[in-house]
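Ready for a bit of practice at reading a protein model? Take a look at the sequence and structure, then work through the exercises.

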Amino acid sequence: MTNEFTRFLVRNEELNAMASVKRLVTPAKQMSFDSVYAAFGQIPAERTFSPEALGVKDPLAKQIRIASYKVGRGLLTVDEAVALYGQLG
């Protein structure tokens with residue numbers, strides 16, 4: 001029964017529903033269900049990365065989070081964020 005429940009929870013529809021209720025980004029690859037986050041689904045895979053996959057630790061991850069926030073809000077371009085890396089706070 002536990003396996004079936006887990007299988008149910010990891011379906012894209014359920015992940016999207018849980019994210020929608022909490023107004024979070026879905027962990028599923030399909031983001032078009034929510035107009036707030038739909039634009040993230042349009043980002044090409046070669047322009048994305050995971051800090052964990054790069055072996056990035058806390059101080060570096062903080063810089064990445066700040067840069068991502070500012071780029072996402074339109075406060076910086078990707079190139080500006082890269083140039084300011086290590087100085088964001």
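Below are three short exercises, each with a worked solution.

This is a predicted model, where local features need pLDDT of at least 70, side-chain atom pairs count only at pLDDT 80 or more, and totals for chains, interfaces and linings use all residues. Residues are numbered from 1 along each chain as its sequence is written, and side-chain values use heavy atoms, leaving out hydrogens and water.

**Exercise 1.** Work out the secondary structure of the chain.

*Solution.* Start by counting: there are 5 helices and 0 strands. Here helices (H or I, at least four residues) and strands (E, at least two) are DSSP runs, numbered from the N terminus. Next, read along the sequence, and you get α-α-α-α-α.

**Exercise 2.** Decide whether Q63 is buried or exposed, and find what it touches.

*Solution.* First, locate Q63: it sits in helix 4, residues 58-72. Then check its relative accessible area, which is 9%, so Q63 is buried. The cut-offs are under 20% for buried, over 50% for exposed and partly exposed in between, with a 1.4 Å probe and protein chains only. Last, look for contacts (heavy atoms within 4.5 Å). Leaving aside residues up to four places away in sequence, Q63 touches L84, Y85, G86, Q87 and L88.

**Exercise 3.** Place I43 and say how accessible it is.

*Solution.* Begin with the position: I43 is in the loop between helix 2 (12-22) and helix 3 (51-54). Now take its relative accessibility: the value is 38%, so I43 counts as partly exposed. For the whole chain, 21% of the 89 residues count as buried.
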